[in-house]
Structure formats: structure tokens, C-alpha cells
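Thanks for coming. I will walk through one structure, starting with a term and then going from one contact to the whole chain.

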Amino acid sequence: MIAIPTLETERLVLRAPASEDADLYAEFFADAEGSGNYGGPLRPDLAWRVLAQDFGHWHLKGFGKWVLVEKSTDRTVGGCGIVHPEGWPSHELTWWLLRAARGKGYATEASRAAIAFAHNRLGWSMVETHMRDANAPARAIAERLGGRIVRREVFPDGVPRDIFEIPCQMAEAQ
């Protein structure tokens, strides 16, 4: 079994997903606006399956998503990490936040920590991310991290997406 590392940023702790995070996942996936780009909205039992998938990804691939904890309140506020689901063309830097945590820069802050992990622990020189065309907030974060579009692909779900490449050193330095 892999030991999932804990990372810290100025305002966040990125820790392993755990069974006690079921309510966090249920709350996020109940929000149709927030979870719409992540397969939601979902019933609580299906949100639990996403939590189990996030935990299992670490053990299958050696990397995955962390749960984000706000240091100032000790509240869980979202998730962030790097995943590579079976059948998808490449790995993906991904993030999601509860409604109350959006607009505070947490996605960018957590993404920088995940990118640093990819560089320092996995030896990667870059990470990739992608999103649906209408997801302007995600596109803005990718650009803020220094990402640039390197290709466009149709994914297994039939949706074409731009794929951004984010050089690890550039994202860490900002």
C-alpha cells in the first residue's frame, strides 16, 4: 500500500482522501453548477464511489487527488491532484471546490503544490490539464499556471477538449 503524502501551502493542507470525506464529496456533487464539469450532480452513494476512486487511484498509479483542508478553519473545501483514468489519453491536473471556497485562489494554490509534487516526486517536467470548452474558470486557472494549448483531442466520453501543457518549473515559480 502506498503512503499518500501530505502537502502544505500557505493556506491549505493537501491530505489523503479518507472515509470521513464522504460528506464533502456528497456536498460538492449535490451542487449541479459546481459538479457539472465533473460528472455531477450525483446522489450521495455515487459521490462516495468518486471518493473511493480517488483513494484507489493513488494505489493503482502512485499519484492522485488530495482533499483540501483550509488551515484557518480546519474545514475541508475541495480536492486537487493529478489523475490518469484508464482509457483517457493522458494524465490530468484537476481540482474542485465547494461553493464557499471558490474565488479565493485555492484551486491555483493547490494546483501549484500538485505540480511541484509531479516535478519533485514523480520526475515530470510538465503536467497536462483539459476541460470542456465552456469551463472558462478552469481555462483561466490553466493559463494562470503558465499553461498553453498543445493539442485538441476527442475524449472517450465523445467530448473534444483542448489539452494544456503546464511546465513544472513555470508553475512553481509563479
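A polar contact, as I use the term, is a pair of N or O atoms within 3.5 Å; within protein, one must be able to donate a hydrogen and the other to accept it. Please keep in mind that this is a predicted model.

With that term in hand, look at Asp162. Which side chain does Asp162 join through a polar contact of 2.8 Å? The partner is the side chain of Arg152. Asp162 also has a polar contact, at 3.2 Å, with the side chain of Arg139. Where does Asp162 sit? It is found in strand 8. Is Asp162 buried or exposed? The cut-off for buried is under 20% relative accessible area. Asp162 has 13% relative accessibility, so it counts as buried. Leaving aside residues up to four places away in sequence, Asp162 touches several others, among them Thr129, His130, Met131 and Asp133. Ile149 and Arg151 are also on the list of residues touched by Asp162.

Arg139 takes us to helix 5, which spans residues 136-144. Its buried residues are Ala138, Arg139, Ile141 and Ala142. These residues cover an arc of only 160° around the axis, and therefore lie on the same side of helix 5. There is a general point behind this. An α-helix has 3.6 residues a turn, so residues three or four places apart point the same way.

What covers that buried side? The cover includes strand 5, helix 4, strand 6 (126-131), strand 7 (148-154) and strand 8 (160-167).

Now the two ends of the helix. At the start of helix 5, a side-chain oxygen of Asn135 comes within 3.2 Å of the backbone nitrogen of Ala138. Just after helix 5 comes Gly146, with a positive phi of about 95°.

Strand 5 was in that list of cover, so let me go there next. How many of the six residues of strand 5 are buried? Six of the six are, and the strand is mostly covered. Glu92, Thr94 and Trp96 point one way from strand 5, while Leu93, Trp95 and Leu97 point the other way. Both sets are buried.

Strand 5 pairs with strand 4, residues 75-83, in the antiparallel sense, over six bridges. One position to find on screen is Gly81, whose bridge partner in strand 5 is Thr94.

These two strands belong to an open sheet of five strands, in the order 1-2-3-4-5, with antiparallel pairing. Strand 1 (7-8) and strand 5 are at the edges, each with a single partner strand, so one side of each has no neighbour in the sheet. Further in, strand 2 (residues 12-15) runs antiparallel to strand 3 (residues 65-70), and four bridges join them. Leu14 is opposite Leu68 in strand 3.

After strand 5 (92-97), a loop leads to helix 4 (106-120), and Gly105 lies in that loop. Gly105 has 35% relative accessibility and therefore counts as partly exposed. Gly105 also brings us back to helix 5: Gly105 and Ile141 are 36 residues apart in sequence, and their C-alpha atoms are 9.1 Å apart in space.

There is a second aspartate to look at. Asp31 is in the loop between helix 1 (22-30) and helix 2 (32-35). At 13% relative accessibility, Asp31 counts as buried. Its side chain has a polar contact of 2.8 Å with the side chain of Arg99. Not counting residues up to four places away in sequence, Asp31 touches Gly36, Arg99 and Arg102.

Last, the chain as a whole. It has six helices and eight strands. Along the sequence, the pattern is β-β-α-α-α-β-β-β-α-β-α-β-β-α. For 174 residues, a compact globule would have a radius of gyration near 16 Å; this chain has 15 Å, which agrees. Taken along the principal axes, the C-alpha atoms fill a box of roughly 35 × 35 × 35 Å.

Of the 174 residues, 48% count as buried. The chain exposes about 8,500 Å², and carbon and sulfur atoms supply 53% of that. Among contacts between residues at least 6 apart in sequence, 60% join residues at least 24 apart. That is the end of the tour.

Technical notes
Residues numbered from 1 in each chain as written. Predicted model: local features only at pLDDT ≥ 70, side-chain atom pairs only at ≥ 80, totals over all residues. Heavy atoms only, no water. Buried < 20%, exposed > 50% of the residue type's maximum accessible area, 1.4 Å probe, protein only. Pairing = 2+ DSSP bridges. Contact = heavy atoms within 4.5 Å. Rg over C-alpha atoms; globule rule 2.2 N^0.38 Å. Areas by Shrake-Rupley, 256 points an atom, 1.4 Å probe, with all protein chains shown as cover. Arc of directions from axis to C-beta.
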